[in-house]
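This report describes a single protein chain, from its charged pairs to its nonpolar interior and surface. The sequence and structure come first.

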Amino acid sequence: MPTKPQDSQPESNRSIPLEVEQAEVDRADRSFDAIADHFEKKVYGGLKGDIRLAVLRRDIFEYCTQMSKDLNRPLRILDVGAGLAQISIELAAQGHTLIINDISENMLEKAKASAEKSDQVLDITWHVCPYQDLAGKLNGDKKDKFDLILCHALLEWLAEPAAVMSFFDQHLTDNGALSLCFYNPASFDYRNLIMGNFNLLDNPEYKADNKKSLTPNYPVAKEEVESWLATHHYKTVRTSGLRVFHDYAPLKRGGHSDPEAVIRMELRYSQLEPYKWLGRYLHILATR
């Protein structure tokens with residue numbers, strides 16, 4: 001007998017129609033301060049986190065190496081809403097100067113603990129504050145301009161995500177690069193189609209309990225992010241999908257039993273059409 005849609009285990013979120021979103025008056029920028037341990041375990045405690053980092057490392061490190069070579073110096077990099085800051089800490093270990101920011105003190109304490117394990121002296125400055133308060137904490141003059149700004153898994157947790165583009169404009173160098181990684185709302189619909197959760201998809205008012213859930217209720221679609229980049233005169237140079245098939249496999253068999261093989265295939269298909277647009281997260285690297 002076929003399984004009824006309501007018997008399936010639902011995803012913890014769905015994309016919300018614009019009219020419902022506009023009706024929300026209590027939205028605020030999200031901090032994971034109260035669930036930092038849960039965040040660390042859920043997001044980076046297994047293969048899903050390994051895939052995420054593998055794709056970001058490839059995309060960002062390749063670009064930074066070339067940019068640093070062209071400029072003939074280490075890069076000045078800002079990580080906005082850094083969370084555990086794994087990518088930034090590794091960039092600092094490569095010799096670049098980092099300013100790392102998050103709204104959550106607990107998240108940055110975990111990041112600092114990771115950085116302290118390095119056998120190198122890392123050039124990192126830490127700022128615990130909303131990104132909107134960062135301008136007042138930077139040094140002014142040319143030192144508040146960055147060759148690269150990282151903004152990973154932040155857009156979907158901001159009350160006014162489009163507003164962050166003006167911040168990027170202010171703090172990115174003329175030839176700088178912007179690394180945006182964000183939750184893909186199309187992946188939510190696709191995964192629930194596979195799981196048979198049609199009742200959830202038919203419910204436009206469904207929202208996750210974001211006291212514990214790490215899936216956003218207000219994700220930003222790829223087309224919207226692309227429109228922001230175009231409006232602010234950015235040129236996209238690379239796009240990738242993060243976890244383009246791993247999360248959709250109902251049976252873990254064959255190559256799925258080998259984590260290294262899964263990461264290898266995720267890397268292969270992460271930049272190929274049409275697979276990359278199925279990623280649970282999308283990564284866009286853009287320049288001014």
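Lys112 is partly exposed, with a relative accessible area of 25%; here buried means under 20% relative accessible area, exposed over 50%, and partly exposed in between (1.4 Å probe, protein chains only). The model is a predicted one, in which local features need pLDDT of at least 70, side-chain atom pairs count only at pLDDT 80 or more, and totals for chains, interfaces and linings use all residues. Residues are numbered from 1 along each chain as its sequence is written, and side-chain values use heavy atoms, with hydrogens and water left out.

**Salt bridges**

Lys112 pairs with Glu109 in a salt bridge, a term that requires a side-chain nitrogen of Lys or Arg within 4 Å of a carboxyl oxygen of Asp or Glu. Glu109 is partly exposed at 41% relative accessible area. The two residues are three apart in helix α5, and therefore about one helical turn separates them. Helices (H or I, at least four residues) and strands (E, at least two) are DSSP runs, numbered from the N terminus.

A search of the whole structure finds 10 salt bridges. Three pairs are set out below.

| Pair | Closest N to O distance |
|---|---|
| Asp147 and Arg73 | 2.8 Å |
| Glu109 and Lys112 | 3.7 Å |
| Glu226 and Lys222 | 3.6 Å |

The pair of Asp147 and Arg73 links distant parts of the chain: Asp147 is in strand β4, Arg73 is in the loop between α3 and β1 (76-80), and 74 residues separate them. Asp147 is buried, at 4% relative accessibility, whereas Arg73 is partly exposed, at 36%.

Glu226 and Lys222 both belong to helix α9 (residues 222-231), where they are four residues apart, about one turn of the helix. Glu226 is partly exposed at 31% relative accessibility, while Lys222 is buried at 17%. Salt bridges also join Arg58, Asp59, Glu62 and Arg238 in a network.

**Nonpolar cores**

In soluble globular proteins, nonpolar side chains tend to be buried together. A nonpolar core is taken as a set of buried Ala, Val, Leu, Ile, Met, Phe, Trp, Tyr and Cys residues joined through side-chain atoms within 4.5 Å. The largest one has 34 residues, and those with the most contacts inside it include Ile60, Ile77, Ile87, Leu91 and Leu148. Among the elements that give two or more residues to this core are α3 (47-71), α4 (86-93), β4 (146-152) and β5 (172-183). Helix α3 gives the most, with seven residues.

Leaving aside neighbours within four places in sequence, Leu148 is in contact (heavy atoms within 4.5 Å) with residues including Ile60, Cys64, Arg76, Ile77, Leu172 and Leu285. Apart from the largest core lies another, of 29 residues, among them Ile99, Cys129, Cys151 and Met165.

**Surface and whole chain**

Tyr190, Leu193, Ile194, Phe198 and Leu278 form a nonpolar surface patch with about 430 Å² of accessible area together. Patch residues have over 30% relative accessible area and no salt bridge; like charges are joined within 9 Å, nonpolar side chains (Val, Leu, Ile, Met, Phe, Trp, Tyr) within 5 Å. Areas come from the Shrake-Rupley method with a 1.4 Å probe, and for residues only the protein chains shown count as cover. Helix α7 (residues 185-195) supplies the largest share of the patch, three residues. Phe198 lies in helix α8 and is partly exposed, at 42% relative accessibility.

The chain has 10 helices and seven strands, and 49% of its 288 residues count as buried. It exposes about 14,400 Å², of which carbon and sulfur atoms supply 50%.
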